[in-house]
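Me: Please take a close look at one part of this structure and explain it to me step by step. I am in my first year, so I would like each term explained when it comes up.

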Amino acid sequence: MEEIALRIRVYGDASLRRKARLVRKITKYHRVILSQMAQLMYAESGVGLAAPQVGFDEAMLVVDIGSGLYKLINPVIVRKQGRQSIEEGCLSVPGVCIKVKRAKNVIIQAQDEDGRPISLNAEDLLACVMQHEIDHLQGKLIVDYAPLFKKISIRKKLEAMKQASKNEKMHQSNTKSCELQL
Ligand code: ZN
């Protein structure tokens, strides 16, 4: 129970396209997974990680953009305002960088790891990262936002990832082309 070997799933892995389930009863199990997810996020120099990225289908995520660690369970965006567009990378789509239009400010309601309700007002980069991670809980990836020309240019890379994920090969974390890894 204390040692769970988490592995980052890459593009092509079915768990990335599954919609995460609500966590009904928060247990020690969820707290262990969340802390392992945070460790893995830091080890991969990421600033966010969602449960589907490590093969779990429950609605949980971790985020740390350098201002402290958030561990959120059952997060929901209840308000969106403004626009911003930031180049995003994804630990599950290594080597790909896509500019995604998102809200500049979001209000999120969630539960913390002890089940207490949280309301979070996120702006700018934090808002971007939260929206990226909440997308993961819906089975949505940055490639879904790519314009057609970009989709064509990254097609080969994505096909290679699909093949690698079928063979359960580890992804190459040294092929990062984007500052922001989520
Ligand atoms: Zn991601």
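Reply: A good place to begin is Cys90, which counts as buried because its relative accessibility is 0%; buried means under 20% relative accessible area, exposed over 50%, and partly exposed in between, using a 1.4 Å probe and protein chains only. Please keep in mind that this is a predicted model, in which local features need pLDDT of at least 70 and side-chain atom pairs count only at pLDDT 80 or more, while totals for chains, interfaces and linings use all residues. Residues are numbered from 1 along each chain as its sequence is written, and side-chain values use heavy atoms, leaving out hydrogens and water.

Cys90 takes part in holding a zinc ion, which is coordinated by Cys90 (SG), His132 (NE2), His136 (NE2) and Leu182 (O) at 2.1 to 2.4 Å. Donors here are N, O and S atoms within 2.8 Å of the metal (3.2 Å for Na, K and Ca), and since water is not among the atoms, sites may look incomplete. In sequence, the donor residues follow the spacing C-x41-H-x3-H-x45-L. Cys90 belongs to strand β4 (residues 84-90) and His136 to helix α2, so this pair ties together parts that are 46 residues apart in sequence; helices (H or I, at least four residues) and strands (E, at least two) are DSSP runs numbered from the N terminus. Like Cys90, His136 counts as buried, because its relative accessibility is 1%.

The arrangement around the zinc ion is irregular because the four donor atoms subtend angles of 94 to 140°, whereas four donors count as tetrahedral if all angles lie between 85 and 135 degrees.

Helix α2 also leads us into the protein's interior. A nonpolar core is a set of buried Ala, Val, Leu, Ile, Met, Phe, Trp, Tyr and Cys residues joined through side-chain atoms within 4.5 Å, and the largest one has 21 residues, of which Leu61, Val63, Leu72, Val106, Ile108, Ala122 and Met130 touch the most other members. At least two residues of this core come from each of β2 (60-63), β6 (105-111), β7 (117-123) and α2 (124-137), and α2 gives the most, with seven.

Leu61 shows how this looks from one residue: leaving aside neighbours within four places in sequence, its contacts (heavy atoms within 4.5 Å) include Leu72, Met130, Glu133, Ile134 and Leu137. There is also a second, separate core of 18 residues, among them Leu6, Leu40, Met41 and Leu49.

Key: Four donors count as tetrahedral if all angles lie between 85 and 135 degrees; four count as square planar and six as octahedral if opposite donors are over 155 degrees apart and all others between 65 and 115; anything else is irregular.
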